[in-house]
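Me: I would like to go through the labels attached to this model and ask, for each, what value stands behind it. Please set the value against the cut-off wherever a conclusion depends on one.

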Amino acid sequence: MVCLGNICRSPLAHGLLHFKSKKITVDSAGTANYHIGKSPDQRSIDIAKKYNFDISKQVARQFTSKDFTLFDKIYAMDTDNYSKIISLAKNQNEIDKVDLILNEISPGKYQSIPDPYYGGKKGFEDIFDLLEKSCNQIIKKYENR
Ligand code: 4NP
């Protein structure tokens, strides 16, 4: 799960998939280096807590080209980060691993999870809903493979 800072959107996607799926190994990262080593944004921690899971122990890290070998599937939260990830890919196999997370519920539309960082709490409720629907779809698609 990859966003810009790895403190708002991708930690929620990471936590949602981790706590909903017993079989899928999940991690998250940011394309930027601003927040390396930090805990998730308090607003993401709070919304996760409201829905009964704990993301407070996650630690932000930056996406690296090694992630293409470590993971089968790489979900970008928005189109800017999708492009950034693709720019780091070395071959078509790596490019093929990358998708926008919202393509799971709106196939082929390349829609973005809005960046909630500069907004209020409502933004976090909205992205939680989109991420939960997307993660449910990911589980349906991959958990029994
Ligand atoms: P995220 O949100 O990419 O969902 O973690 C952001 C976090 C930090 C910043 C932007 C977006 N920032 O500009 O510091």
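Reply: A helix here is a DSSP run of H or I with at least four residues, a strand is a run of E with at least two, and both are numbered from the N terminus. With those terms, asparagine 52 has its place in the loop between α2 and α3. The model is a predicted one.

Me: Why is asparagine 52 called exposed?

Reply: The relative accessible area of asparagine 52 is 72%, and exposed means over 50%, so the label follows from the value. The backbone of asparagine 52 also has a phi near 70 degrees, a positive value in a residue other than glycine.

Me: What makes tyrosine 110 partly exposed?

Reply: Tyrosine 110, in the loop between β4 (98-100) and α6, has a relative accessible area of 42%. Because buried requires a value under 20% and exposed one over 50%, this value falls in between and the residue counts as partly exposed. Tyrosine 110 likewise has a positive phi, of about 50 degrees, although it is not a glycine.

Me: Why is the pair of tyrosine 51 and phenylalanine 128 called stacked?

Reply: The ring centres are 4.4 Å apart, and a pair needs centres within 6.5 Å; the planes stand at 15 degrees, and planes under 30 degrees apart count as stacked, so both conditions are met. The search of the whole structure finds 6 aromatic pairs, and tyrosine 51 and phenylalanine 128 belong, with Phe19 and Phe53, to one aromatic cluster.

Me: What makes this a link between distant parts of the chain?

Reply: Tyrosine 51 sits in the loop between α2 (42-50) and α3 (67-70), whereas phenylalanine 128 is in helix α6 (residues 121-142), and 77 residues separate them.

Me: Which of these two rings belongs to a buried residue, and how do you know?

Reply: Phenylalanine 128 has 3% relative accessibility, and with buried defined as under 20% it therefore counts as buried. Tyrosine 51, at 36%, lies between the two cut-offs and so counts as partly exposed.

Me: How do you know that serine 10 is buried, and what surrounds it?

Reply: Serine 10 lies in helix α1 (residues 9-20) and has a relative accessible area of 0%, which is under 20%, so the residue is buried. Leaving aside neighbours within four places in sequence, serine 10 is in contact with Met1, Val2, Cys3, Ser28, Ala29 and Met77.

Me: What makes the approach of serine 10 to asparagine 6 a polar contact?

Reply: The two side chains are joined at 2.9 Å, and the cut-off for N or O atoms is 3.5 Å, so the distance condition is satisfied.

Me: Which element gives the most to the largest nonpolar core?

Reply: That core has 27 residues, and α6 gives the most, with 7 residues. Met77 and Leu131 are among the residues with the most contacts inside the core, and leucine 131 touches residues including Leu12, Ile101 and Ile113.

Me: How do you know that arginine 9 is near the ligand?

Reply: A polar side-chain atom of arginine 9 lies 2.8 Å from an oxygen atom of the ligand, and near requires a heavy atom within 4 Å, so arginine 9 qualifies. The protein buries 92% of the 350 Å² that the ligand exposes when taken alone. Backbone atoms also approach ligand oxygen atoms, at 3.0 Å for isoleucine 7 and at 2.9 Å for cysteine 8.

Technical notes: Residues numbered from 1 in each chain as written. Predicted model: local features only at pLDDT ≥ 70, side-chain atom pairs only at ≥ 80, totals over all residues. Heavy atoms only, no water. Phe/Tyr/Trp six-rings, centres within 6.5 Å; stacked < 30°, edge-to-face > 60°. Buried < 20%, exposed > 50% of the residue type's maximum accessible area, 1.4 Å probe, protein only. Polar contact = N/O pair within 3.5 Å; in protein donor to acceptor, adjacent residues only side chain to side chain. Contact = heavy atoms within 4.5 Å. Core = buried A, V, L, I, M, F, W, Y, C linked by side-chain atoms within 4.5 Å. Areas by Shrake-Rupley, 256 points an atom, 1.4 Å probe, with all protein chains shown as cover.
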